[in-house]
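Me: I am new to this structure. Can you show me how to read its features?

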Amino acid sequence: MDVISADKLYIAGTYRRAPVVFVEGKGSLLYDEKSAEYIDFGSGIAVAGLGHGNAAWLKAVTGQLGRLPHASNLYYTEPAARLAEKLCQRTGMKKVFLCNSGAEANECAIKAARKFGEGAGKTEILTLENSFHGRTVATLAATGQEALRKHFGPFPEGFAYARPNDIADLEAKFSDKTAAVMLELVQGEGGVTALGAEFVKRAAELCAASGALLVIDEVQTGNGRTGTLYAYMDYGVSPDIVTTAKGLGNGLPIGACMFAEKTEGVLEAGEHGSTFGGNPAVCAGACAVLDQIDGELLAGVREKSARIRAELAACPGVKGLSGKGLMIGIECEDAKETAAKCLERGLVVLTAHEKIRLLPALNIGEKELVKGLKILKEVLNGETLT
Ligand SMILES: *Cc1c(COP(=O)(O)O)cnc(C)c1O
């Protein structure tokens, strides 16, 4: 039986997959079963931020795999400690909880926010409409998209939703009961919408004034994606909790919930945990990822972003552009159809609601960038194959 048939027969039908089987990846190139080459503008949904099989990452991971792939959190291991040290040094955060996914990082943030607010009777977490915080029951409750929650109730109580970039609505929904405001600074799955600086500042002010926590979900925006190490660094706010995942692993599953001074001691021994969290091989790889996200790489992200935007803005088929850094949303006639056509021509792009979403590797090479943009522009402009 071929791969697609076996997948359709045996994998739970939760995904609508594109009709391609990828077997190999190198940097920003992917290869299918028939050795056809694709330019990758999706990075496995912002995961392979340094490209597929990044050399330093691979060396770190395979080296650690050969020594000790897993020990459990009953003992100390070096890669997890080093990773947490790097994260704290680069962000000013004080402590890190390591887990395996974005949803788990947010789950940890939700538990911490609830415990933090407990004594003051603060029981509600305010998130945004159109947000995406994960697929577990609690993170779905935090996710401001009714359609994703359908069938799966009842949900844990204590979540409210404000309209993104609507300061009046944020002020109206914020109350003495608010334990935390939880935001994606650029909504990813919800349609690549960046929050305005004034809106985010107001959220930070409301939290500071009432003793609520500012929680920033950087699962997708983090690790260089928007042109700074974490997106909050360009918003002039100091979050109390930052969660991240996707790009930190460059291909292996990892999540991190980072705590600032105010929250570093909230979760105590026995109150949270994860069997795989802080896995040595994954953490060794993540250390190699962080080491490569330096000023030069970040400047490259901003430069490439400006270039891609300028080229796309000049396309007749582009109705609008959104996002930040190398997280780019494109409004066009039919995003799903556009993505399918790009794939047929050897370019991988993603969609988010009604938009095309680009999440290329932060270090995508000049040749791949030019070639991919050419295909994308041809498809967006309805040109025939050249
Ligand atoms: C992808 C994503 C998540 C969920 O991450 P998983 O690793 O799929 O659990 C949460 N928040 C944001 C902003 C995301 O983009």
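Reply: We take the ligand site, then the cores, then two single residues. This is a predicted model, where local features need pLDDT of at least 70, side-chain atom pairs count only at pLDDT 80 or more, and totals for chains, interfaces and linings use all residues. Residues are numbered from 1 along each chain as its sequence is written, and side-chain values use heavy atoms, with hydrogens and water left out.

Me: Which residues are around the ligand?

Reply: A residue is near a molecule if one of its heavy atoms lies within 4 Å of it. Here the residues around the ligand include Ser-101, Phe-132, His-133, Glu-184, Asp-217, Gln-220 and Lys-246. Helix α5 (residues 102-118) gives the most to this shell, with 3 residues. Helices are DSSP runs (H or I, at least four residues) and strands are too (E, at least two), numbered from the N terminus.

Me: What polar contacts does the ligand make with side chains?

Reply: A polar contact to the ligand is a pair of N or O atoms within 3.5 Å. A ligand nitrogen is 2.8 Å from an N or O atom in the Asp-217 side chain. A ligand oxygen is 2.8 Å from an N or O atom in the side chain of Gln-220. Taken alone the ligand exposes 380 Å², and the protein buries 81% of that. Such areas come from the Shrake-Rupley method with a 1.4 Å probe.

Me: Which residues touch the most other members of the largest nonpolar core?

Reply: In soluble globular proteins, nonpolar side chains tend to be buried together. A nonpolar core is a set of buried Ala, Val, Leu, Ile, Met, Phe, Trp, Tyr and Cys residues joined through side-chain atoms within 4.5 Å. Buried means under 20% relative accessible area, exposed over 50%, partly exposed in between (1.4 Å probe, protein chains only). The largest core has 75 residues, and Leu-83, Leu-183, Leu-312, Ile-330, Val-349, Leu-358 and Leu-376 touch the most other members. A second, separate core of 20 residues includes Ile-110 and Ala-141.

Me: Is Asn-223 buried or exposed?

Reply: Asn-223 counts as buried because its relative accessible area is 3%. Its place is in the loop between β10 (213-218) and β11 (241-244). Contact means heavy atoms within 4.5 Å. Leaving out residues up to four places away in sequence, Asn-223 touches Leu-229, Tyr-230 and Leu-362, among others.

Me: Where is Glu-33?

Reply: Glu-33 is in the loop between β2 (29-32) and β3 (37-40). Glu-33 counts as partly exposed because its relative accessibility is 46%. Beyond its neighbours within four places in sequence, Glu-33 is in contact with Val-3, Val-21 and Val-23.

Notes:
A polar contact is a pair of N or O atoms within 3.5 Å; within protein, one must be able to donate a hydrogen and the other to accept it, and residues adjacent in sequence count only if both atoms are side-chain atoms.
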